Amino acid sequence: MSDKKVTLTNEVDGTSVELPVYKGTEGPEVADISTLYKNTGMFTYDPGFVATASCRSAITYIDGDKGILRYRGYPIEQLAKEASFLEVAYLLMYGELPKAEELASFDNTIRHHTMIKETLKNFFDGFQYDAHPMGIMVGVVGSLSAFYHDSLDINNPRHREISAHRLIAKMPTIAAASYKHNVGEPFIYPRNDLDYCENFLRMMFSNPCEDYTPDPVAVKAINMLFILHADHEQNASTSTVRLSGSSQANPFACIAAGIASLWGPSHGGANEAVLDMLEEIGDVSQIDKYIAKAKDKNDPFRLMGFGHRVYKNFDPRATLIREVCHEVLENMKDNNNPLFELALRLEQVALEDEYFVERKLYPNVDFYSGIIYQALGIPTSMFTVMFAVARTVGWVAHWMEMMDDPEQRIGRPRQLYTGAPMRDYVPVGKR
């Protein structure tokens, strides 16, 4: 931090106020406006909080203009290629990459927290057989505080850690159970001899009649996707978790709120929208027609999975997952799915078409992740659930960081009121 200040002057009455300016490790400087209302009687107006830092955080750094994403200082390119998902989970939670013994202990803890209580399994029966898995996830995760209430003292650091471990460990089990309920198959118990991604895929695709052995290419793809989705700074769902946690709600309720936020098509549902778009286009022969529609500002059609609100150059995650996407499709080349051919052709057009290149509308991580998930046999309704499993790590890391922050206060955004002014009540007979 520095002693630098910025002065705001009211041109109407000539009054001014000095605001402290803070400088983080990297990124833009930040003007502290916390005393602005006290000193001027004015609020700031920032729809979507696009220019407002809501907290201090040491977890993730993004530079959208340069296409940079780092977890605790480590470039996402290195982590996605070299690390396991649980290594990254440990890094996000504790701030440093684990040593061998630390990783072994963490891995063992997560493996032995994967089971869910038998009574919790009964909770799934209350959902309609064709309920959307994300709807089930919101309800079940929110209910965990009623099943694991032995460690819910949020002022106790050890209780917070136990809850975090439980969430990371049980989320794949709950996600797979949501899928099994949706397709009418019995739940599959986790196995402690499998790693995180193998265990998840087995719980998804095994059944009592036939065990499922995950393909190494599938495991590699899921591991990378989970790492790429593990955190993304103060996005909508993470901010929701923090805002929920600011009221000192229990961690399970906070993560359930994050899942609800993630469900939106503008956030975690974007990769599902990519597949819907490909289904609408239907065939390679229709690409030129839909490219023209995408360029037409008066046409409501939009190409999903291209460009990014944060990354103005390229999405570094997409660069990584593109290679794995092609590897998965090559591994499944006998599966003659016309959508895969369509997706690859659309990718080629977007990378070469002057309109898209000039506007930096490159394929993003949602474009490739949706294709990978479908290639692995994961239904569209589960795409956002996969995102939630991975992002749980980031959510709990931010929640734990927030609970340790001495500046943490209950969130209370202000507003620019545009409703009716004061008016008197009129009896119903005289209106």
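How many bridges join strand E1 to E2, and do the two strands run parallel or antiparallel? In this predicted model, 5 bridges join strand E1 (residues 5–9) to E2, and the two run antiparallel. Confidence in the model was summarised by a mean pLDDT of 91 for the protein, with 97% of its residues at 70 or more. Among the elements of the protein, helix H3 (residues 85–94) has the highest mean pLDDT, 98, and helix H15 (residues 338–352) has the lowest, 82.

The bridges between E1 and E2 include two named pairs. Lys5 has Pro20 as its bridge partner in E2, and Thr9 is partnered there by Ser16. The two strands form a hairpin in which 6 residues lie between them. Within the turn, Gly14 has a positive phi of about 80 degrees. E2 is also joined to strand E3 (residues 30–31), in this case by 2 bridges, and these strands again run antiparallel. Val21 has Ala31 as its bridge partner in E3. Together the 3 strands form an open sheet in the order E1-E2-E3, with antiparallel pairing. E1 and E3 stand at the edges of this sheet; each has a single partner strand, so one side of each is left without a neighbour in the sheet. Strands of a sheet pair through backbone hydrogen bonds, either parallel or antiparallel.

The side chains of E2 (residues 16–22) alternate along the strand. Val17, Leu19 and Val21 point to one face and are buried. Ser16, Glu18, Pro20 and Tyr22 point to the other face and are not buried. Val21, the partner of Ala31 in E3, therefore belongs to the buried face of E2, whereas Ser16, the partner of Thr9, lies on the other face.

The largest nonpolar core contains 118 residues. Of these, Tyr71, Phe226, Leu346 and Ile378 touch the most other members. Helix H18 (residues 383–403) gives the most to this core, with 15 residues. When residues up to four places away in sequence are not counted, Ile378 touches Met204, Phe205, Ile222, Tyr373, Phe383 and Met386.

A loop between two helices was examined next. Ser246 is found in the loop between helix H10 (236–245) and helix H11 (251–262). With a relative accessible area of 7%, Ser246 falls under the 20% cut-off and is therefore buried. The side chain of Ser246 reaches the backbone nitrogen of Gly411 at 2.8 Å. Gly411 is also one of the residues that Ser246 touches, together with Met402, Gln408, Arg409 and Ile410, not counting residues up to four places away in sequence.

The cysteines were considered last. The count comes to 0 disulfides. For Cys197, the nearest cysteine sulfur is that of Cys325, 17 Å away, and Cys197 is in no disulfide. Cys325 is likewise in no disulfide, the nearest cysteine sulfur being that of Cys197. A disulfide requires two cysteine sulfur atoms within 2.5 Å, so a separation of 17 Å does not meet the rule. Cys197 counts as buried at 3% relative accessibility, and Cys325 is buried with a relative accessible area of 1%.

Methods. Residues are numbered from 1 along each chain as its sequence is written. Side-chain values use heavy atoms; hydrogens and water are left out. Helices (H or I, at least four residues) and strands (E, at least two) are DSSP runs, numbered from the N terminus. Buried means under 20% relative accessible area, exposed over 50%, partly exposed in between (1.4 Å probe, protein chains only). A polar contact is a pair of N or O atoms within 3.5 Å; within protein, one must be able to donate a hydrogen and the other to accept it, and residues adjacent in sequence count only if both atoms are side-chain atoms. Contact means heavy atoms within 4.5 Å. Two strands pair if DSSP finds at least two bridges between them. A nonpolar core is a set of buried Ala, Val, Leu, Ile, Met, Phe, Trp, Tyr and Cys residues joined through side-chain atoms within 4.5 Å. pLDDT is the predictor's confidence in each residue, from 0 to 100.
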